[in-house]
There are 2 protein chains.
Amino acid sequence: MALKKIGEQTIKFENPPSIVSTATIVGPKEGEGPLKNYFDLILEDDKWGQESWEKCESKMQEEAVKLAISKGNLSEQDIEYLFSGDLLNQITTSSYCARQLGVPYFGLYGACSTMSESLSLGAMIIDGGFADKVACATSSHFSTAERQYRYPLEFGTQRPFSAQWTVTGAGASILSSEGGGPYITYITTGKIIDPGIKDVNNMGAAMAPAAIDTISIHFKDTGHTPDDYDLIITGDLGHVGKDIVVDFMKEQGYDISKVYTDCGIKIFDSKKQDTHAGGSGCGCSAVVFNGYIYNEMLNGNLNKVLLISTGALHSPTMTQQGESIPGIAHAVTISNEK
Amino acid sequence: MALKKIGEQTIKFENPPSIVSTATIVGPKEGEGPLKNYFDLILEDDKWGQESWEKCESKMQEEAVKLAISKGNLSEQDIEYLFSGDLLNQITTSSYCARQLGVPYFGLYGACSTMSESLSLGAMIIDGGFADKVACATSSHFSTAERQYRYPLEFGTQRPFSAQWTVTGAGASILSSEGGGPYITYITTGKIIDPGIKDVNNMGAAMAPAAIDTISIHFKDTGHTPDDYDLIITGDLGHVGKDIVVDFMKEQGYDISKVYTDCGIKIFDSKKQDTHAGGSGCGCSAVVFNGYIYNEMLNGNLNKVLLISTGALHSPTMTQQGESIPGIAHAVTISNEK
């Protein structure tokens with residue numbers, strides 16, 4: 001068996017990479033939510049001076065990476081690889097961000113699981129001795145995602161209560177072979193689980209089984225229990241998906257309810273902000289992790305966190321052809337101790 | 001500096017992963033081309049019994065991975081990670097392939113650079129001690145790509161001579177920590193280079209500068225020269241891009257003309273098959289590498305090859321907004337000796 005692998009799907013790092021800096025940029029609505037004090041920059045309008053929402057999203061991702069680099073007292077030349085992806089067709093946000101940065105680039109697509117996908121690959125590349133510094137980033141934008149995946153915004157379609165609100169936000173982490181933490185100590189990489197959901201307004205239910213699968217395997221592989229964590233947080237299951245996870249994890253013998261929540265629930269006050277089941281999008285777990293969680297780890301309020309970004313690999317082309325929506329979830333353990 | 005890095009953008013593997021098996025599945029047109037004897041399966045029709053071209057493409061990728069696994073005398077349970085991507089929106093081909101295989105999955109998007117992107121990441125994960133066996137795969141399909149990126153096929157638009165023909169094909173490689181080669185000995189990961197091309201029928205010119213950048217850096221980082229290689233082969237630049245590469249490499253002091261060609265030129269007889277500038281698509285370098293090159297390495301006709309899959313990170317959304325097409329190219333050295 002490979003040296004660093006434990007159990008079925010988990011890696012335990014020999015020299016856990018340190019997350020030396022992070023940055024977050026969010027839209028106006030996210031900047032009015034409960035986590036507003038944790039973000040580096042709150043945009044006043046959702047185009048940020050650009051001609052289109054797509055160009056705004058790309059600028060957000062680019063500026064988030066640059067800000068994370070400068071917060072880590074580094075320069076762009078120090079970054080050896082950029083791992084990034086997003087929701088837009090051909091991950092155009094990330095490609096244009098990478099064009100501006102001029103860094104060797106691995107484009108990823110994991111839908112809303114991209115933050116933990118990029119952290120997983122970035123951490124392996126550092127622990128494997130291939131790089132000393134990498135950037136991991138992702139983003140989403142309400143207006144680019146809605147018109148691509150669902151309906152034209154002008155159409156003003158009514159949203160069912162299971163629908164989620166795509167977060168306008170970009171987050172970036174800089175990983176280093178040296179540094180004082182927080183550290184990425186374990187990763188558990190997910191398989192695709194497809195519960196057969198075809199409703200594009202119920203992504204929480206489409207992704208929850210993948211989260212349950214990955215969290216259960218993480219516990220089995222590592223021997224960890226819910227008590228080992230200060231916080232277990234999924235990416236963007238919202239209220240619908242969160243309830244499914246709690247119930248099914250209980251059936252598997254794990255009561256995670258005391259330490260578990262979801263980034264999509266944390267980012268909005270869903271009643272006051274009319275976001276129904278909660279936030280979603282790659283940017284959701286990106287800004288909650290790089291804003292709220294990272295800062296609460298630095299100040300010691302959180303010491304060991306399991307982040308499970310969740311992706312609904314939804315393609316309008318395939319749902320129009322009658323296919324269901326596959327889900328995936330990647331878990332990353334972030335700890336203040338190696 | 002990171003242990004295994006040499007120069008600016010290159011990794012030299014300590015324990016070069018072995019490519020223990022490969023598989024290729026191609027469409028009818030590719031099966032009539034000059035490389036027809038190198039492919040494992042040639043489809044008689046381009047839907048392969050499926051309801052849509054998209055579902056056919058996904059079946060092609062899935063069956064290519066399964067065939068590569070069985071040719072390596074392995075089972076699906078032996079594969080620890082699948083690295084794959086494709087051209088379709090939300091890399092839907094790869095996601096549905098991964099769903100059927102049930103293997104931990106990293107979704108990638110590098111457009112037509114995906115074969116070397118997946119080999120690069122797969123090789124690092126093995127050399128880094130994180131896995132013993134991984135699968136790297138990609139695919140494309142003429143009919144899915146044309147209608148997504150350009151025009152409805154029924155429209156019958158005239159194609160300029162700079163246009164290329166998207167390959168219908170899927171290729172897969174199984175990498176292992178053990179085995180007798182061919183080995184992946186070096187990788188040089190590309191940056192995005194954008195020469196400002198906006199013509200969606202001239203991808204060769206959009207990608208050539210990225211190939212030139214990556215090949216030059218590979219030579220500088222490793223000290224290799226064109227004489228060190230039996231074959232230097234780009235992914236899908238076609239005739240237009242190939243000529244640009246030869247000319248500009250000469251300006252940089254490297255005459256690669258004696259050992260250099262392009263997968264898009266090899267796969268079709270462009271005059272007889274009316275494919276204009278040549279083949280393209282993720283499947284192009286995937287089937288040329290996993291079919292032709294791999295088998296010629298096994299029988300000793302080729303011993304050291306530099307594969308540079310090239311990607312045009314073209315998004316219809318962004319070209320409609322006036323943006324140019326960014327290019328990227330990742331180089332992989334495959335050698336019969338460690």
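These legends go with close-up views of a predicted model, chain A, where its two domains meet.

**View 1. The two domains of chain A.** The domain assignment splits chain A into domain 1, residues 17-176, and domain 2, residues 183-335. Measure between their C-alpha centres and you get 18 Å. When it comes to touching, domain 1 of chain A puts in 54 residues and domain 2 of chain A puts in 52.

**View 2. What gets covered up between domain 1 and domain 2 of chain A.** About 4,200 Å² is buried between the two domains, with carbon and sulfur atoms giving 64% of that. Three residues to look for on the domain 1 side are Tyr38(A), Cys112(A) and Gln164(A): together they supply 17% of the area that domain 1 of chain A buries against domain 2 of chain A, more than any other three residues.

**View 3. Polar links across the interface of chain A.** Hunting for salt bridges between domain 1 and domain 2 of chain A turns up zero. Polar contacts are another story, with 23 residue pairs counted between these domains.

**View 4. The side of domain 1 of chain A that touches domain 2.** Helices H3 (114-127) and H4 (142-149) each supply at least two residues here, and so do strands S3 (18-26), S7 (133-140), S8 (165-166) and S9 (169-176). S3(A) brings the largest share, nine residues. Sorted by class, this side of domain 1 of chain A has 27 nonpolar residues, 20 polar ones and seven charged ones.

Methods:
Residues are numbered from 1 along each chain as its sequence is written. Chains are lettered from A and ligands numbered from 1 in the order in which they are written. This is a predicted model: local features need pLDDT of at least 70, side-chain atom pairs count only at pLDDT 80 or more; totals for chains, interfaces and linings use all residues. Side-chain values use heavy atoms; hydrogens and water are left out. Domain bounds come from an automatic or database domain assignment. Contact means heavy atoms within 4.5 Å. Buried area is the accessible area (1.4 Å probe) that two parts lose on being put together, summed over both. A salt bridge is a side-chain nitrogen of Lys or Arg within 4 Å of a carboxyl oxygen of Asp or Glu. A polar contact is a pair of N or O atoms within 3.5 Å; within protein, one must be able to donate a hydrogen and the other to accept it, and residues adjacent in sequence count only if both atoms are side-chain atoms. Helices (H or I, at least four residues) and strands (E, at least two) are DSSP runs, numbered from the N terminus. Ala, Val, Leu, Ile, Met, Phe, Trp, Tyr, Cys and Pro count as nonpolar, Asp, Glu, Lys and Arg as charged, and the others, Gly among them, as polar.
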